[in-house]
Structure formats: C-alpha cells, structure tokens
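This report concerns charged side chains and cysteines in a single model. The sequence and structure are shown first.

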Amino acid sequence: MSDPTARRKPTIRDIAERAGVSRSTVSRVINGGHWVSPDARVAVEKAIVDSGYTANHHARSLATGRAGSMAFLLTEPQQLLFDDPTFALLLRGAAEALAQRSMTLVLLVAGTTAERESVAHFIRAGHVDGVMLISSHESEPLLDELIDIGIPTVCCGLPLGHEKDVSTISVDEVGSARTMAAHLRDAGHRRIGMITGPDDTPGGRYRLVGFREELGDAFDPSLVEAGDYSFESGQTAMARLLERGVDAVFAANDRMAAGAVAAARHAGVRVPEDVAVAGFDDSGLAATHEPPLTTIRQPWDQISARMVSALLDVIAGAPPRSVVLDTELVVRASA
C-alpha cells in the first residue's frame, strides 16, 4: 500500500504521526520553541527530513510577525569567506539546518566600517529574526550594536568580553590545545613551539593557554610566534621558530600549519623527520595536504546545528546559554 503523504504535501499532523509526538510539539520545534525534549526534537527533525515537509512560510510570517530568515554574519574581510574553509563548512551546515525548518539564510559580511553600518541598518529594519555571529574579535563594535538592537544573537566561539550577553556555541579550546601539546610531548619532542592566532580571538587566546598549561615547566615563551590564521603568517612564524631550533610546532589552525610546512621545506627541513607540524580545525585542508596534517577536529556539523537550535530558542524567549563541544585529535603523517 502506498504512503498517502507521497501524493500530497505532508502536514504537521503527518509529521506528528511519523515522530510519535503531538502536533503542538511539532509546532514548537518548527517555530523554535525550547520546551521540547531532545529526543522529541530529534524525532521531529528526522520526520521533517524523511517526509520532505515544508512549512507555509508566508502564512507563518503573517501570523508571527517574523521574517522567517536568519543572518549568517561574518565580521571579517570578504576574501576570507572563500580563503578559509571553516567559514564555508559553517555556512553550509547552517543553511541545511534552516532549510529543514523552511527558513532562509541571509549571508552578511561586515569587514569594513561601511559594511558594518549597512549590516546594522539591515538588521534594525527587521529583515532577519536572529543573527549567527561567526567570527568575533574582542574589539568588534558590531557585537555591541547587536546587543543594543536587541536582536537574538548566537556566537560561534566565545565572544571575549560578552560571554554572558549572548548564547555561545564553542569547542573546548583549552582542553583541545592541551591534548595536542600532550601528543607532541609524548611523541618525544622537547623543543615544542607554537604559532598562535590573534590574541583578541578566543582561538588565539585560549589555545595558547592550553598549550602553556600542558607543557608546564617545559613551556618556552621564546618558542611562541603570533600569526593571523593565514598561510602567509604561518610561513613567517615558522621561519623564525626554525632559527631558534624547534623539533615540533603546533599551529592554531590548519592554514598556518600548512604555511609552517612550506617554510620548513624552503629551509631544507623535513616534515616530520626533522620537525613535526600540527594544526587545528580539520576543515578539509589537513586531510588533503602533503604530508597530511595531524590536527584537532572541530565538529562542524554539530556547531552549525547547535547554533541554529540555540538561536531559535532565544527567539522563542529562552535566556542565553553556553554550549561547549568536544573535539578530536586526528593523527596523520605530519606529527
């Protein structure tokens, strides 16, 4: 016997029957209600995907007064959206999570003063129901404006100085860096250097904290160089570290790790035979690099999904909350 929902557009009633929950539960999930158990939410979301259900977006926006769209806000130069694979992973995951709820993702880039003003005007006009802030520097003025506007906001990573003001989805930066430092130390390396990210970002600050804590008395501040997450900064930092003599280097992201490998090759230093190199992110670059990079894997799909879920909860009236996700050490040929 054929499935009747295959011949017509599935309804909330159909989703409720598939998921084994009430129609009101389905409605709360679709509209971002946070008074739903995790098991029920998972069952409803699976039923939505399996059935191909789409909400009546226009009718819902008229009834709720909502725009039915969320902003994916990148406060970095536009070029980074294409150069850094981590942003593409987050963008894709957020788009997929919102599409399951028949909501639209609006990409906003605010890397200049003019772009910040334009973005703030767009948000104040009510074109989006909430904001996913993807990259936050401690001195970023737009975050203060988002808080002043009162727009529901969730940050990817800890927004330094505003940790309690907005919902956050982050990874255990300190613990992850400790794991990598321990891996390099336990492999027999003694002069372990680090290429950090900018200190005004959570990854730049807290990955150094974890690295320093794990090495303890073996930590040598002269073997720390600052980068800006770019390939070029990894090259420059690695050249300086090689002059001081290192047998292993932990870079705060994979792009800088790749730059470090390039600098080692230019200096005639073999990786990993002469110096081990490790990164952070596992966004795709690490696995395809030569040699493949040992790195810390961030759970990109979980980060995107949790950001969407947390943002919908705030829109529904829930207070800001902080979610910290685990990472995974991925050992490959470089270290």
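The following paragraphs treat salt bridges, surface charge, cysteines and one pair of positions in this predicted model.

**Salt bridges**

The model contains 18 salt bridges. Three of them are listed below, each with the separation of N and O.

| Acidic residue | Basic residue | N to O distance |
|---|---|---|
| D84 | R255 | 4.0 Å |
| E225 | R240 | 3.3 Å |
| E225 | R244 | 2.6 Å |

A salt bridge joins the side chains of D84 and R255. D84 belongs to the loop between α5 (78-83) and α6 (85-99), whereas R255 is part of helix α12 (residues 254-266), so this pair ties together parts that are 171 residues apart in sequence. D84 is buried, at 8% relative accessible area, and R255 is buried as well, at 12%.

E225 has a salt bridge with R240, the closest N and O atoms being 3.3 Å apart. Here strand β7 (residues 224-226), which holds E225, is tied to helix α11 (residues 231-244), which holds R240; the two residues are 15 residues apart in sequence. E225 counts as buried at 10% relative accessibility, while R240 counts as partly exposed at 40%.

E225 also forms a salt bridge with R244, with 2.6 Å between the closest N and O atoms. This pair links E225 in strand β7 to R244 in helix α11, 19 residues apart. R244 is partly exposed, with a relative accessibility of 35%. Elsewhere, R178, R185, D186, E213 and E214 are joined into one network by salt bridges that share partners.

**Surface charge**

D144, D148, E163 and D165 form a patch of negative charge on the surface. Of these residues, D165 is located in the loop between β4 (153-156) and β5 (167-171). D165 is partly exposed, its relative accessible area being 40%.

**Cysteines**

How many disulfides does the model contain? The count is 0. For C155, the closest cysteine sulfur is that of C156, and the distance of 8.6 Å is too far for a bond, given that a disulfide requires sulfur atoms within 2.5 Å. C156 is accordingly in no disulfide. C155 is buried at 1% relative accessibility, and C156 is buried with a relative accessible area of 16%.

**A pair of separated positions**

K46 lies in helix α3 (residues 38-51) and counts as exposed at 52% relative accessibility. The C-alpha atoms of K46 and R190 are 49 Å apart, and the two residues are separated by 144 residues along the chain.

Methods. Residues numbered from 1 in each chain as written. Predicted model: local features only at pLDDT ≥ 70, side-chain atom pairs only at ≥ 80, totals over all residues. Heavy atoms only, no water. Patch = residues over 30% accessible without salt bridge, like charges linked within 9 Å, V, L, I, M, F, W, Y side chains within 5 Å. Areas by Shrake-Rupley, 256 points an atom, 1.4 Å probe, with all protein chains shown as cover. Lys, Arg positive; Asp, Glu negative; His and termini not counted. Charge placed at Lys NZ, Arg CZ, Asp CG, Glu CD. Helix = DSSP H or I, 4+ residues; strand = E, 2+ residues; numbered from the N terminus. Buried < 20%, exposed > 50% of the residue type's maximum accessible area, 1.4 Å probe, protein only.
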